[in-house]
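Visitor: Could you pick one part of this model and walk me through it closely, strand by strand? After that, I'd like to hear about a few other spots worth finding on screen.

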Amino acid sequence: MLVVGIDKGTSVTKTAVFDENGTQVVSASRRVRQFHDGPGWHEEDPEDTWARTAGTVAECMAALGARTADVVGVGVTGHMGGAWFVDAAGRSVRRAIAWPDTRANDVVARLENGPDLDEFLRITENGALPGMTVPVLAHLGPELVDQVHAVLNAKDFVGLRLTGRMASEPSDAAFVPSDIDRGTHSARVLEILGAPEWSGKFPELIPSGSVLGEVTPGAAELTGLPAGTPVVAGLGDAPAAMVGCGAVTPGSAVSILGTSWLSATVVTDPHGGRRGIGWMYPMPNGAFAHFVAQQAGSSTFDWWLRHLAPEVSGTRDFAALEAEVLAVGEAATNLTFLPYFSAAGTQAPFKAPNLRGTLLGLEDATGRADIFRAVYEGLAYAMADCYSAFGRTAETIRLTGGGAASAIWPGVLSNIMGVPVELLAADEGAALGVAVLAGVSAGVWPTLEAAEKSVVRVVRRIEPDAELHRAHQRQFARFTAAQRMTRAFYDDHRGTA
């Protein structure tokens with residue numbers, strides 16, 4: 001038996017097919033065409049995106065050949081937030097607006113400086129971003145309301161094209177955002193953000209792992225999927241990645257080391273973390289995934305590659321560079337690096353929009369390897385700092401994303417946090433996560449927990465070194481002291497040339 005996971009990403013849309021052991025049998029991807037017609041704009045043509053997504057599915061089905069008949073279910077995930085507008089017949093009303101769009105910055109600024117912020121956070125347990133659905137709607141105003149039957153998210157639009165049914169599920173709804181306790185869209189949130197006229201324009205919500213519908217004959221012709229194949233309501237990409245990493249039980253923790261670094265832990269109480277820091281998503285088993293974003297991720301590391309290691313930048317052949325860095329003792333450099341290279345400062349574990357990247361402790365003897373050692377460790381300290389927003393200590397952290405392949409980061413992170421770090425076999429976590437939901441629905445696995453045991457494979461487990469943990473604690477104290485000092489400096493001197 002085979003299950004299909006479709007992941008409609010921001011830059012790339014992809015499809016992967018997995019067997020009952022979680023082994024990826026075949027995959028395909030296409031770039032997503034984006035439109036940036038003005039400052040802060042990030043839009044897509046929904047029909048073009050659907051055609052490209054359908055093309056990835058068709059490529060996989062063609063590669064499967066006769067094995068296409070073994071496909072028993074399809075799961076769909078996608079980037080969260082933004083808005084996809086359809087009429088009653090399911091036709092697109094305008095271009096979709098994707099989550100990186102920043103035209104609603106003024107909406108978020110009014111919220112954060114207004115009297116309703118605390119109520120908003122109590123209802124949603126989600127920090128506001130301009131690319132969330134409701135801020136986007138507030139920015140657009142009421143002009144489109146009468147033309148729109150439903151506002152969907154990216155994966156919901158793909159599900160609509162596959163099955164003909166308009167529906168969403170609680171994890172994507174949480175980033176609209178919605179009422180985290182009731183698991184429903186919130187008229188009050190629309191009112192607070194200035195978009196009350198959009199109330200009633202959201203699709204029905206069904207459980208994340210339930211069947212959305214079946215592949216229609218028209219979708220079957222486009223994709224090569226057998227007509228009648230069940231399609232399940234999936235998850236937004238962030239919680240889908242948690243399922244794909246086997247992190248579904250309370251206390252599980254995952255860090256995704258990508259362009260930015262996302263860290264998450266599974267909790268039972270959505271109100272137990274640091275309010276307003278990060279985002280809370282319902283999981284399919286009744287738990288919640290609390291995510292925080294570290295904008296200072298691999299993009300910050302890339303800056304140093306471009307300027308200090310041009311022979312590595314663009315090639316991603318890190319072996320020689322990392323060997324050079326490994327020659328410098330761990331937690332032994334006199335340098336302290338604050339990796340806040342984003343123009344937005346940092347959003348976790350606190351909001352400091354003026355904070356910027358800083359390297360302290362340079363001297364004549366400082367070499368390239370010393371600087372890179374500080375960069376590796378500074379990024380890891382920032383991640384450890386983000387974990388403080390969860391209000392509890394992780395017992396084990398699973399790593400995924402490109403940075404997990406580093407010879408340095410997994411061990412450093414384990415030693416800083418003082419907990420084991422596990423590396424996984426799968427590299428398509430979100431697609432695997434929704435494929436698992438499809439497989440559970442189709443009876444490939446009896447439960448989500450049983451599926452996790454079958455498909456998620458830990459290929460390496462790193463235990464912390466007690467002596468290095470103590471050394472890192474001393475260095476981390478320097479990191480936080482430097483953070484406090486530079487935060488005050490940049491607040492005092494913001495906007496000065």
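Guide: I'll begin with a sheet and the helices lying across it, then move on to a strand trio, a helix crossing and some backbone oddities. This is a predicted model, where local features need pLDDT of at least 70, side-chain atom pairs count only at pLDDT 80 or more, and totals for chains, interfaces and linings use all residues. Numbering starts from 1 along each chain as its sequence is written, and side-chain values use heavy atoms, with hydrogens and water left out.

On to the sheet. It is an open one of 6 strands with mixed pairing, and the order is E3-E2-E1-E5-E12-E11. Helices (H or I, at least four residues) and strands (E, at least two) are DSSP runs numbered from the N terminus, and two strands pair if DSSP finds at least two bridges between them. Strand E3 (24-31) and strand E11 (211-214) are at the edges with a single partner strand each, so one side of each has no neighbour in the sheet. From one strand to the next, the twist averages 20°.

Look at the E11 edge: E11 pairs with strand E12 (residues 230-236) in the antiparallel sense over 3 bridges. There, glycine 213 has valine 231 of E12 as its bridge partner.

Now for the helices. Helix H1 (residues 46-64) lies across strand E1 (2-8), strand E2 (12-19), E3 and strand E5 (71-78), at about 150° to E3. Helix H9 (residues 237-244) lies across E5 and E12, and runs at about 105° to E12. Those angles run from 0 to 180 degrees between N-to-C directions, with axes fitted to C-alpha atoms, for helices over the stretch in contact; contact means heavy atoms within 4.5 Å.

Next, the strand trio. Strand E14 (residues 261-267) is mostly covered, with 6 of its 7 residues buried (under 20% relative accessible area; exposed is over 50%, partly exposed in between; 1.4 Å probe, protein chains only). Strand E13 (residues 253-257) runs antiparallel to E14, joined by 5 bridges, and the two form a hairpin with 3 residues between them. Serine 255 is opposite serine 263 of E14. E14 is also joined to strand E16 (residues 288-294), again antiparallel, by 7 bridges, with leucine 262 opposite alanine 293 of E16.

For the helix crossing, find helix H13 (residues 409-417) and helix H16 (residues 466-492): their axes come within 7 Å and cross at roughly 75°. That makes H13 roughly perpendicular to H16 (65 to 115 degrees; under 35 is roughly parallel, over 145 roughly antiparallel, the rest oblique). H13 brings Val412, Asn415, Ile416 and Met417 to the contact, and H16 brings Leu468, His469, His472 and Gln473.

Finally, the backbone. Most residues other than glycine have a negative phi, and most peptide bonds are trans. Glutamate 125 is not a glycine, yet has a positive phi of about 55°; it lies in the loop between helix H3 (117-124) and helix H4 (133-140). With 6% relative accessibility, glutamate 125 counts as buried. Alanine 331 has a positive phi too, near 60°, and counts as buried at 11% relative accessibility. Valine 176 and proline 177 are joined by a cis peptide bond, omega about 0°, and proline 177 is in the loop between helix H6 (170-174) and helix H7 (187-193).
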